[in-house]
Amino acid sequence: MIDLHTHTFYSDGCLSPSELVYRAKVAGYEAIAICDHIDQSNIDFVIPRISRVCESLSREYDIKVITGAELTYVPPKLIAGMVSEARKTGANIVVVHGETPSETVPPGTNHEAILAGADILAHPGQITREDVELAKSKGVLLEITTRKMHSSTNGHVAKLAGETGAGLVLNTDTHDPEDFRSDKQAIEAVKAC
């Protein structure tokens, strides 16, 4: 299994990068991306610290660890610049916190994240068909999440992706150790869509 959306104590997770990665390894994951929340205030702090440990953790724990970032509550007009800056700062995967109904971000975030070419639009909520089609054309993956607070719209996202051919990715949005999922739990989450 892989997980391209996890968090450490560099944002709102409770684990250090080392503990997060080791717990993922023990849980059977083959790859994990650390995507702590960033905005204009901390991009230059968070990404380099995560990047600093990814290679050594990959080697020591025999699991692929990827430097990522999740743009969160960034004003829509600034998203494109932030996606570019995150990549220049060392993020190999850029996630944007989508318009989930459980945590409202500024309207237009989904659309601007897709236009900016983010890698993953996390928990995109009641995303429009037009934005799903745009995601397909831009190669932006739409997230199906196992995190309870964001999973209520998984069926909607999966249905539109299935109808349009847009790409999907299953992630945990891990913040705590109990957020990791087994293969069986991941399959159940997909079937529930």
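Two aromatic rings of Phe, Tyr or Trp count as a pair if their centres lie within 6.5 Å. By this criterion, the predicted model holds four aromatic pairs. Phenylalanine 9 and tyrosine 10 make up one of them, with ring centres 5.4 Å apart. Their planes stand at 75 degrees. Planes over 60 degrees apart count as edge-to-face, so this pair is edge-to-face. Phenylalanine 9 is partly exposed, at 46% relative accessibility. Tyrosine 10 is partly exposed too, at 27%. The rings of tyrosine 22 and tyrosine 61 also pair, with centres 5.1 Å apart. Here the planes meet at 55 degrees, so the pair is tilted. This pair links distant parts of the chain. Tyrosine 22 sits in helix H1 (residues 17-26) and tyrosine 61 in helix H2, 39 residues apart. Tyrosine 22 has a relative accessibility of 44% and counts as partly exposed. Tyrosine 61, at 26%, is likewise partly exposed. Phe9 and Tyr10 also join Phe45 in one aromatic cluster.

Strand E4 was examined next. Seven of the eight residues in E4 are buried, and the strand is thus mostly covered. E4 pairs with several strands. Strand E2 (residues 31-34) runs parallel to E4, and four bridges join the two. Within this pairing, isoleucine 32 stands opposite valine 65 of E4. Strand E3 (residues 37-38) is also parallel to E4, over two bridges. Isoleucine 38 has leucine 71 in E4 as its bridge partner. Strand E5 (residues 93-97) pairs with E4 in the parallel sense over four bridges. Alanine 69 is matched there with valine 94 in E5.

Helices connect some of these strands. E3, helix H2 (residues 43-61) and E4 form a right-handed β-α-β unit. E4, helix H3 (residues 79-89) and E5 form a right-handed β-α-β unit as well. E4 therefore takes part in both units.

Threonine 67 belongs to E4 (residues 64-71). Its relative accessibility is 3%, so threonine 67 counts as buried. Which residues does threonine 67 contact, leaving aside its neighbours within four places in sequence? The contacts include Ile34, Ile47, Ile50 and Ser51. Cys54, Gly90, Ala91, Asn92 and Ile93 are also in contact with threonine 67.

Two loops that border E4 hold residues with unusual backbone angles. Most residues other than glycine have a negative phi. Aspartate 62 has a positive phi, near 55 degrees, and is not a glycine. Aspartate 62 is found in the loop between H2 and E4. Its relative accessibility of 62% makes aspartate 62 exposed. Tyrosine 73 also has a positive phi, of about 60 degrees. Tyrosine 73 lies in the loop between E4 and H3. With a relative accessible area of 44%, tyrosine 73 is partly exposed.The cysteines were then checked for disulfides. A disulfide is a covalent bond between the sulfur atoms of two cysteines. The count of disulfides in the model is zero. The sulfur of cysteine 35 has its closest cysteine sulfur in cysteine 54, 9.4 Å away. The cut-off is 2.5 Å, so this distance is too far for a bond. Cysteine 54 is accordingly in no disulfide. Cysteine 35 is buried, with a relative accessible area of 0%. Cysteine 54 is buried as well, at 3%. Cys54 is also one of the residues in contact with threonine 67.

A further strand pairing involves E7 and E8. Strand E7 (residues 141-145) runs parallel to E8, and four bridges join them. Leucine 142 stands opposite leucine 168 in E8. E7, helix H6 (residues 154-164) and E8 make up a right-handed β-α-β unit. Strand E8 (residues 168-171) has two faces of opposite character. Val169 and Asn171 form the covered face. Leu168 and Leu170 form the uncovered one.

Key:
Residues are numbered from 1 along each chain as its sequence is written. This is a predicted model: local features need pLDDT of at least 70, side-chain atom pairs count only at pLDDT 80 or more; totals for chains, interfaces and linings use all residues. Side-chain values use heavy atoms; hydrogens and water are left out. Buried means under 20% relative accessible area, exposed over 50%, partly exposed in between (1.4 Å probe, protein chains only). Contact means heavy atoms within 4.5 Å. Two strands pair if DSSP finds at least two bridges between them. A crossover is right-handed if, with the strands pointing away from the viewer, the path from the first strand over the helix to the second runs clockwise. Rings of Phe, Tyr and Trp (its six-membered ring) pair if their centres lie within 6.5 Å; planes under 30 degrees apart count as stacked, over 60 as edge-to-face and the rest as tilted.
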